[in-house]
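Welcome! Here is a short guided walk through a protein chain for anyone meeting it for the first time. Take a look at the structure, and then we will start from a single residue.

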Amino acid sequence: MRYGEFEITQFQNVAYGQTATARLDSGVNYKEIVLHGVNLEADQLGLIEVKIGKNTPYSLPASLFKVVQAYKGEKTAATTWVLPFADLSANTVEGQEKSALQTLRGENVIIKVKIGERKSPSQDGKTPEINGFYTTGTPILTSDGQIAREFLPQAQEFLIPIGKTGKNTFKDFDSQQNHLVRRMFFATDQITDIEVIVGGVERRKVSVAHMHYQIERDNKRKVPAGYTVFDPMYLGWNWADMLNATVGVEFVFYTSSADDITCYMESLKQVNELG
């Protein structure tokens, strides 16, 4: 068996209007975490965060994890949330998974889940529960037995300023973060065309309609309503097909709305750490 499945130690502070927390084991290779809610409604979880020491590589509203699931063609359930660290498409040519959340020995690893307020009368007299499970892979070890963390998976939210209809340029990527971008979900359907310039070289110049057709043509992915999805890996299958943002990336959006755009980005950060 390549993978194992285990239950997360009991969450603490599980109550309406509170933030539940659980400590995760260190030195573990986390492929995904699945959270099942009891006495909770589909829209009742807020921000979900995974913290490693002082860093917070995963920080997204719970609703976005369902968007990612639906996009990937997975079955969704009203009160189940999946945090997908490893992406089966983000492999090396040899098939080795690089994008799991590899924790190092002795690290302080915490998952935090914001729970919404009690909804009366349907939840009067009830107590919420969160049951968590995680799938593990095999850690990559050096010859002297140290755990090697080459990449750190990240999921973050940020705002793209627009301000006018028509052509808008965004290049506020921090190249020092060593980002390899897996997917970007733009919370708008008002983008008509996209250009992507990498290291001064134009790499993509397409209509959103064409891009979404290409994404969906194999019937494995489905662009969610109300979103524009940029997925550089729909033309490839391994980690080298991700968008390398370390050499300077510029997006050009053509929009029919002047509203700023909220973006949710999944990426890998190259860290090359041992522990």
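Let's begin with Q154: is this residue buried or exposed? Q154 counts as buried, because its relative accessibility is 9%, and the cut-off for buried is under 20%. Keep in mind as you explore that this is a predicted model.

Where does Q154 sit? Its place is in strand β10, which covers residues 148-160. Setting aside residues up to four places away in sequence, Q154 touches P57, Y58, H179, M265, E266, S267 and K269. One of these deserves a second look: S267 is 113 residues away from Q154 along the chain, yet their C-alpha atoms are separated by 5.2 Å.

Next, the nonpolar interior. The largest nonpolar core has 65 residues, and F11 and I111 have the most contacts inside it. Helix α1 (residues 62-71) supplies the largest share of this core, with six residues. Which residues does F11 meet, leaving aside neighbours within four places in sequence? They are A20, T21, A22, L35, I111, V113, I130 and G132. Another core, apart from the largest one, has five residues, including F151, M233, M242 and L268.

Now for a sheet. Strands of a sheet pair through backbone hydrogen bonds, either parallel or antiparallel. Here, four strands form an open sheet in the order β11-β17-β13-β14, and the pairing is antiparallel. On average, neighbouring strands of this sheet are turned by 15 degrees against each other, direction ignored. Inside the sheet, β13 and β17 pair over seven bridges, and I197 has E250 in β17 as its bridge partner.

The table lists the strands of this sheet with their residue ranges.

| Strand | Residues |
|---|---|
| β11, an edge strand | 166-170 |
| β17 | 249-255 |
| β13 | 191-198 |
| β14, an edge strand | 201-207 |

Each edge strand pairs on one side only. Helix α2 (residues 208-216) lies across β13 and β14, and runs at about 90 degrees to β14.

Our last stop is a pocket. The second largest pocket has a volume of about 300 Å³. Its lining is made of 13 residues, and R203, R204, D241, M242 and L243 lie nearest its centre. Which elements give two or more residues to this lining? They are β13, β14 and β16 (243-244). Two of these names are familiar from the sheet, where β13 and β14 are next to each other in the strand order. M242 is familiar too, as one of the residues of the five-residue core.

Definitions and conventions:
Residues numbered from 1 in each chain as written. Predicted model: local features only at pLDDT ≥ 70, side-chain atom pairs only at ≥ 80, totals over all residues. Heavy atoms only, no water. Core = buried A, V, L, I, M, F, W, Y, C linked by side-chain atoms within 4.5 Å. Buried < 20%, exposed > 50% of the residue type's maximum accessible area, 1.4 Å probe, protein only. Contact = heavy atoms within 4.5 Å. Pairing = 2+ DSSP bridges. Axes fitted to C-alpha atoms, helices over the stretch in contact; angles between N-to-C directions. 1 Å grid on protein atoms, 1.4 Å probe; cavity = no way out; pocket = protein on both sides within 12 Å on 5 of 7 lines; lining within 4 Å. Points joined across faces, edges and corners; volume = space filled by probe spheres on them.
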